[in-house]
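Here is a short set of exercises to work through at your own pace. Keep the viewer open and try each task before reading its solution.

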Amino acid sequence: MQEKYSIGEVAAILEVSTRTLRFYDEKGLVKPAYTEENGYRFYEKEQIRQIELILFLKDLGFSLKQIKALIQDERGSKSLELLLKQQYQENKQKINELTAKQKQIEHLQKIGVLSAALTNFSDITSIMRKENKMTVLRRKMWLYIIMWIVVELIGISLMYALRLNASIAIVIAVLGAIMFSKYYYDRVEYVCPNCGDVFIPSFLIFNLAPHTPKFRKLTCPKCEKRSYCLEICRD
């Protein structure tokens, strides 16, 4: 004789509410093995396995409508395989979207644009847009610098072969460094993390200031505080 379990016992085994089990019954997902005249529902192991499958599929992100169609499908295993592939792609897309959002939040925290000094969201949007443009500018700079180094090396090799004065190469290198620095300077500005002011330092201060790949230690002309200011592209 099959073991029978009351609705309360099944709820305890599967760690769900009796209300959930009644809902599955009403929706035709899993019917009790039999219901007594007094309305008491009893389940057998086969129904418990079906409920376990429903709970598992729900955890994977399937809707009850999809689960019901799957259970009633004679080719259930094939349908499950297709649904799993579809759900996998949907979950992957959601993960990618969430990861991108997490990176944006982390980036906002890292660059300090959430300062109370930034009084409205348009400030943040504008700064983020300009800061994102910096990635393109930095890539261009690296490309130009690499090309310049290659040209310099070729020039030095030719000068060595022709036994020309090496001081010419030094002068060219210095002029190249100034040229690249000016090119970069003309395209950037800085955000003070203390008051949110956007400003452009002098070319001399720009070159002498300590800096990281994204920040430069400058004195804000508005609040007069010296701190690492965020580097962004000019409009």
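**Exercise 1: The four-stranded sheet**

Strand S4 (residues 188-191) and strand S7 (residues 226-233) run antiparallel, joined by four bridges. The model you are looking at is predicted.

*Task.* Find the residue that stands opposite Tyr190 in S7, then work out which strands stand at the edges of the sheet.

*Solution.*
1. Start at Tyr190 and look across to S7: the residue opposite is Glu231.
2. Now widen the view to the whole sheet, which is open and has four strands in the order S5-S4-S7-S6, with antiparallel pairing.
3. Strand S5 (198-199) and strand S6 (215-219) are at the edges; each has a single partner strand, so one side of each lacks a neighbour in the sheet.
4. As a reminder, the strands of a sheet pair through backbone hydrogen bonds, in either a parallel or an antiparallel way.

**Exercise 2: The three-stranded sheet**

*Task.* Give the strand order of the open sheet of three strands, and name the bridge partner of Ser6 in S3.

*Solution.*
1. The order is S1-S3-S2, and the pairing is antiparallel.
2. Strand S1 (5-6) and strand S2 (34-35) are the edge strands, each pairing on one side only.
3. Two bridges link S1 to strand S3 (residues 41-43) in the antiparallel sense.
4. Follow S3 to Phe42, the bridge partner of Ser6.

**Exercise 3: Checking a helix**

*Task.* Compare the end-to-end distance of helix H3 (residues 45-59) with the span that its 15 residues should have.

*Solution.*
1. The rule is 1.5 Å times one less than the number of residues.
2. For the 15 residues of H3 this gives 21 Å, and the end C-alpha atoms are 21 Å apart, so the two values agree.
3. While you are there, colour the buried residues of H3: Gln47, Ile48, Ile51, Ile54, Leu55 and Leu57.
4. Just after H3 comes Gly61, with a positive phi of about 105 degrees.

**Exercise 4: Two unusual phi angles**

*Task.* Place Glu15 and Glu224 in the chain, and decide whether Glu15 and Glu224 are buried or exposed.

*Solution.*
1. Most residues other than glycine have a negative phi.
2. Glu15 is not a glycine, yet its phi is positive, about 60 degrees.
3. Glu224 also has a positive phi without being glycine, with a value near 65 degrees.
4. Glu15 sits in the loop between helix H1 (7-14) and helix H2 (18-26), while Glu224 is in the loop between S6 and S7.
5. The cut-off for exposed is over 50% relative accessible area. Glu15, at 73%, is exposed, and Glu224, at 65%, is exposed too.

**Exercise 5: The largest pocket**

*Task.* Say which element supplies the largest share of the lining of the largest pocket.

*Solution.*
1. The largest pocket holds about 550 Å³ of space.
2. Its lining has 22 residues, and those nearest the centre are Met141, Ile145, Tyr184, His211 and Arg216.
3. At least two lining residues come from each of helix H6 (121-162), helix H7 (167-185), helix H8 (203-208) and S6.
4. H6 gives the largest share, with seven residues.

**Exercise 6: The whole chain**

*Task.* How many helices and strands does the chain have, and what percentage of its residues are buried?

*Solution.*
1. The chain has eight helices and seven strands.
2. Of its 235 residues, 30% are buried.
3. The accessible surface comes to about 16,200 Å², with 59% belonging to carbon and sulfur atoms.

Terms used:
Residues are numbered from 1 along each chain as its sequence is written. This is a predicted model: local features need pLDDT of at least 70, side-chain atom pairs count only at pLDDT 80 or more; totals for chains, interfaces and linings use all residues. Side-chain values use heavy atoms; hydrogens and water are left out. Two strands pair if DSSP finds at least two bridges between them. Buried means under 20% relative accessible area, exposed over 50%, partly exposed in between (1.4 Å probe, protein chains only). Accessible areas come from the Shrake-Rupley method with a 1.4 Å probe; for residues, only the protein chains shown count as cover. On a 1 Å grid over the protein atoms alone, a cavity is a set of points where a 1.4 Å probe fits but cannot get out, and a pocket is an open set with protein on both sides within 12 Å along at least five of seven lines; lining residues have an atom within 4 Å of a point. Grid points are joined across faces, edges and corners, and a volume is the space filled by probe spheres set on the points.
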